[in-house]
Amino acid sequence: MKGALEITWAEEKLTLLPERAIWWAREKTLFIADPHFGKASTFRSAGLAVPEASHHDDLERLATVVRRHRAKRLVVLGDFLHAKRGRTEATLVALKEWRESHAKLKIVLVIGNHDQHAGVPPAEWDIECVKEPWMMGPFRCCHVPPKVVTGFALAGHLHPAFHLRERSGLNVRAVCFHFQERVAVLPAFGNFTGTYTVEAVRGDGVFVVAGDTVVDVSGVVR
């Protein structure tokens with residue numbers, strides 16, 4: 001897969017995708033975190049002039065990876081919807097049409113903090129909503145990264161980014177996948193989201209999304 005990066009974690013082969021998703025081939029499962037659908041609509045309702053249809057790019061990107069990998073399951077690690085104000089007709093129609101075009105795809109949503117306030121997706125969308133941690137194989141699927149872990153946790157919530165500084169003068173900040181010994185945090189899938197700069201330590205796996213490529217920068221972590 002061009003631009004993707006395969007790693008082994010929890011004795012499983014995982015592929016980190018530049019579309020900000022993880023592909024678990026053995027289970028034909030995609031993991032994403034924090035799409036925050038409807039965030040632009042929420043901002044518009046507060047009087048800020050942002051494009052309401054920004055979710056279309058995210059939905060097309062998601063459709064691309066689902067088709068490419070012929071995924072059978074999609075696990076969303078929280079914050080599917082951003083806020084109640086974001087549940088506009090335009091947003092809900094776009095999501096409903098996307099779901100109908102991927103009707104055979106099993107979708108599991110691990111309830112995140114924004115979902116608690118925004119409300120879960122409509123029942124007719126056939127999205128299974130579960131509380132964290134939701135177990136799948138060796139993985140504890142969470143929204144908030146747990147501090148104490150039995151097993152291996154996949155999580156979101158933090159919207160991680162990494163600040164790469166080199167003596168050559170390179171100074172770049174990019175969204176990333178952040179793997180610790182037992183907790184892995186995915187980048188926010190939604191483009192219209194903020195980020196949090198991670199404080200990685202030696203031994204962590206840091207994989208930045210550089211355009212259409214995932215790059216391992218773990219070696220520069222001090």
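In this predicted model, ring pairs tie W9, W24, F31, F139, F152, F179 and F207 together into one cluster. Counting ring pairs across the structure gives 8 aromatic pairs. One of them is W9 with F179, an edge-to-face contact with 5.1 Å from centre to centre and 85° between the planes. This pair bridges distant parts of the chain, with W9 sitting in strand 1 (residues 5-9) and F179 in strand 12 (residues 171-179), 170 residues apart. Both rings are tucked away from solvent: W9 has a relative accessible area of 8% and so is buried, and F179 is buried too, at 4%.

Next comes F31 with F139, whose ring centres are 6.3 Å apart and whose planes meet at 80°, so this pair is edge-to-face as well. Here again distant parts of the chain are linked, F31 being in strand 4 (residues 29-32) and F139 in strand 9 (residues 139-141), with their positions 108 residues apart in the numbering. F31 comes out as buried because its relative accessible area is 0%. F139 is likewise buried, with a relative accessibility of 0%.

Two arginines add charge-over-ring contacts to this picture. R182 lies over the face of F152, at 4.8 Å from the ring centre, and F152 is itself one of the residues in the aromatic cluster. R61 does the equivalent with F189, sitting over the ring face at 4.1 Å from the centre.

F207, another of the cluster residues, leads on to a hairpin. Strand 15 (residues 205-210) pairs with strand 16 (residues 213-216) in the antiparallel sense, over 4 bridges. Within that pairing, F207 stands opposite D216 of strand 16. The two strands form a hairpin with 2 residues between them, and G211 in the turn takes a positive phi of about 65°.

Now for the empty space. Rolling a probe the size of a water molecule over the atoms shows where such space is left. The largest pocket has a volume of about 230 Å³. It is lined by 11 residues, and F162, H163, R165, V220 and V221 are the closest to its centre. Strand 11 (residues 160-165) gives the most to this lining, with 4 residues. Sorted by class, the lining of the largest pocket holds 6 nonpolar, 2 polar and 3 charged residues.

The second largest pocket holds about 200 Å³ of space. Its lining includes the prolines P145, P146 and P160, along with V183, V185 and V198. Also in that lining are L158 and Y196, together with K147, E199, H178 and Q180. By class, the second largest pocket is lined by 8 nonpolar, 2 polar and 2 charged residues.

As for enclosed space, the structure holds 2 cavities of 30 Å³ or more. The largest cavity contains about 100 Å³ of space. Of the 14 residues that line this cavity, F37, F80, W98, I107 and I127 lie nearest its centre. Helix 2 (55-69), strand 5 (73-76) and helix 3 (89-101) each put at least two residues into the lining, and the largest share, 3 residues, comes from helix 3. The class split for this cavity is 13 nonpolar, no polar and 1 charged.

Finally, two loop glutamates deserve a look. E132 is found in the loop between strand 7 (127-130) and strand 8 (134-136). With a relative accessible area of 34%, E132 is partly exposed. Its C-alpha atom is separated by 9.6 Å from that of L109, and the two residues are 23 apart along the chain. E124 belongs to the loop between helix 4 (113-118) and strand 7. At 62% relative accessibility, E124 counts as exposed, because the cut-off for that label is over 50%. From E124 to E100 the C-alpha distance is 9.9 Å, with 24 residues separating them in sequence.

Key: Residues are numbered from 1 along each chain as its sequence is written. This is a predicted model: local features need pLDDT of at least 70, side-chain atom pairs count only at pLDDT 80 or more; totals for chains, interfaces and linings use all residues. Side-chain values use heavy atoms; hydrogens and water are left out. On a 1 Å grid over the protein atoms alone, a cavity is a set of points where a 1.4 Å probe fits but cannot get out, and a pocket is an open set with protein on both sides within 12 Å along at least five of seven lines; lining residues have an atom within 4 Å of a point. Grid points are joined across faces, edges and corners, and a volume is the space filled by probe spheres set on the points. Ala, Val, Leu, Ile, Met, Phe, Trp, Tyr, Cys and Pro count as nonpolar, Asp, Glu, Lys and Arg as charged, and the others, Gly among them, as polar. Rings of Phe, Tyr and Trp (its six-membered ring) pair if their centres lie within 6.5 Å; planes under 30 degrees apart count as stacked, over 60 as edge-to-face and the rest as tilted. Buried means under 20% relative accessible area, exposed over 50%, partly exposed in between (1.4 Å probe, protein chains only). A charge sits over a ring if NZ of Lys or CZ of Arg is within 6 Å of the ring centre and within 35 degrees of the ring normal. Two strands pair if DSSP finds at least two bridges between them.
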